[in-house]
Amino acid sequence: MNENKDKPDYGIDGGPLNKLVIVDLIFWGTAVFLITFPNFYLKAAAIILFICGLMLGFLIISMNFYTKAGKLIHRDKLLSMIDWKGNEMVLDIGTGRGLLMIGAAKRLNTGKSIGIDIWRQEDMQDNTHQNTLKNGSIEGVLDKIEIKNVDAQKMDFNDNYFDVILSNLCLHNIPSKQGRDAACREIVRVLKPGGTVIISDILYTKEYGKIFLQEGLSVKFLNSIFLNGANPGHKVVKAFKKISNHQE
Ligand SMILES: C[S@@+](CC[C@H](N)C(=O)[O-])C[C@H]1O[C@@H](n2cnc3c(N)ncnc32)[C@H](O)[C@@H]1O
């Protein structure tokens, strides 16, 4: 049993939640102000602002739900897609506070779970190696994890090194298509034959799948898991590196 009484904190993605709440309040305040004028155009502008405010409010609520509870449900869904043996070498790309790295580590006995990140503050609040290590300690998996400062676009692991590669909400942060393609090719390079990769993201999952297909992997696209633990819009691509050309 874990004796540590602290709770792990898997962080707030993107970080702009407070700013979005302020923008939403401005939308609502301006709409209420404009609706008081006896002018058709101002009333129409108020209604547009009101609709924008509603949509933004929905986004804020869903982001908040995802951060507080959905993230853990989503993590468990992703991890349940792997048939764990306990001896896997696992890579979590853009681990942040270690959501998937630590979740995977809990399913291992002799295996190892490695998380890589470049600690961008705009992608996650208080994004540091130390905060991730703290979560690993609270969850009692320090002996099964390793955290490295590595860019997904150029990894320093040997070819065919990992049995399982995971990533949630990371690759879309790479600004260029060239960079995202390079990261996908790196994933294929470091994945062992017989290994599985699962990428969950809000954008570009079709692009990732296309590169995996080009590189000879078999690929499955999973439907958007609308509000089922995830942000609306999360999509998942799962790919398998064949052991030989004859294996499906
Ligand atoms: C939105 S956070 C998600 C963190 C974690 N995967 C989760 O689901 O809680 C995205 C993470 O990807 C990292 N990241 C962005 N670009 C990266 C890159 N090129 N290589 C490695 N990590 C990257 C960011 O620093 C951030 O920690």
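Which polar backbone atom is 2.8 Å from a nitrogen atom of the ligand? I looked, and the atom belongs to G94. I note at the outset that this is a predicted model.

**Entry: ligand contacts**

I went on to the side chains. D151 puts a polar side-chain atom 2.9 Å from a nitrogen atom of the ligand. For N168, I found a polar side-chain atom 2.8 Å from an oxygen atom of the ligand. I then checked the ligand's area. On its own, the ligand exposes 600 Å². The protein buries 98% of that.

**Entry: ligand shell**

I listed the residues around the ligand and got 22. Those that come nearest are G94, D117, R120, N127 and N168. G94 is thus in this nearest group and also supplies the backbone contact to a ligand nitrogen. N168 is in the group too, with its side chain reaching a ligand oxygen. I sorted the shell by class. I counted nine nonpolar, seven polar and six charged residues.

**Entry: largest pocket**

Where does the ligand sit? I find the ligand in the largest pocket. I looked up the space in this pocket, and the value is about 730 Å³. Its lining has 41 residues. Nearest the centre of the pocket are D13, D123, L169, H172 and N173. I then asked which elements give two or more residues to this lining. They are α2 (40-79), β1 (89-93), α3 (99-105) and β2 (112-117). Which element gives the most? My answer is α2, with six residues. By class, I get 20 nonpolar, 12 polar and nine charged residues in the lining of the largest pocket.

**Entry: second largest pocket**

I moved to the second largest pocket. About 240 Å³ of space lies there. I count 14 lining residues. D83, K85, E88, G194 and T196 are the closest to the centre of this pocket. Two or more residues of the lining come from each of β4 (162-168) and β5 (191-201). I checked which gives the most, and it is β5, with five residues. The class split for this lining is four nonpolar, four polar and six charged.

**Entry: recap**

I close with the ligand site. The ligand sits in the largest pocket, and the protein buries 98% of the area that the ligand exposes alone. My polar contacts to keep are G94 through its backbone, D151 through its side chain and N168 through its side chain.

Note on methods:
Residues are numbered from 1 along each chain as its sequence is written. This is a predicted model: local features need pLDDT of at least 70, side-chain atom pairs count only at pLDDT 80 or more; totals for chains, interfaces and linings use all residues. Side-chain values use heavy atoms; hydrogens and water are left out. A residue is near a molecule or strand if one of its heavy atoms lies within 4 Å of it. A polar contact is a pair of N or O atoms within 3.5 Å; within protein, one must be able to donate a hydrogen and the other to accept it, and residues adjacent in sequence count only if both atoms are side-chain atoms. Accessible areas come from the Shrake-Rupley method with a 1.4 Å probe; for residues, only the protein chains shown count as cover. On a 1 Å grid over the protein atoms alone, a cavity is a set of points where a 1.4 Å probe fits but cannot get out, and a pocket is an open set with protein on both sides within 12 Å along at least five of seven lines; lining residues have an atom within 4 Å of a point. A molecule sits in a cavity or pocket if more than half of its atoms lie within 2 Å of its grid points. Ala, Val, Leu, Ile, Met, Phe, Trp, Tyr, Cys and Pro count as nonpolar, Asp, Glu, Lys and Arg as charged, and the others, Gly among them, as polar. Grid points are joined across faces, edges and corners, and a volume is the space filled by probe spheres set on the points. Helices (H or I, at least four residues) and strands (E, at least two) are DSSP runs, numbered from the N terminus.
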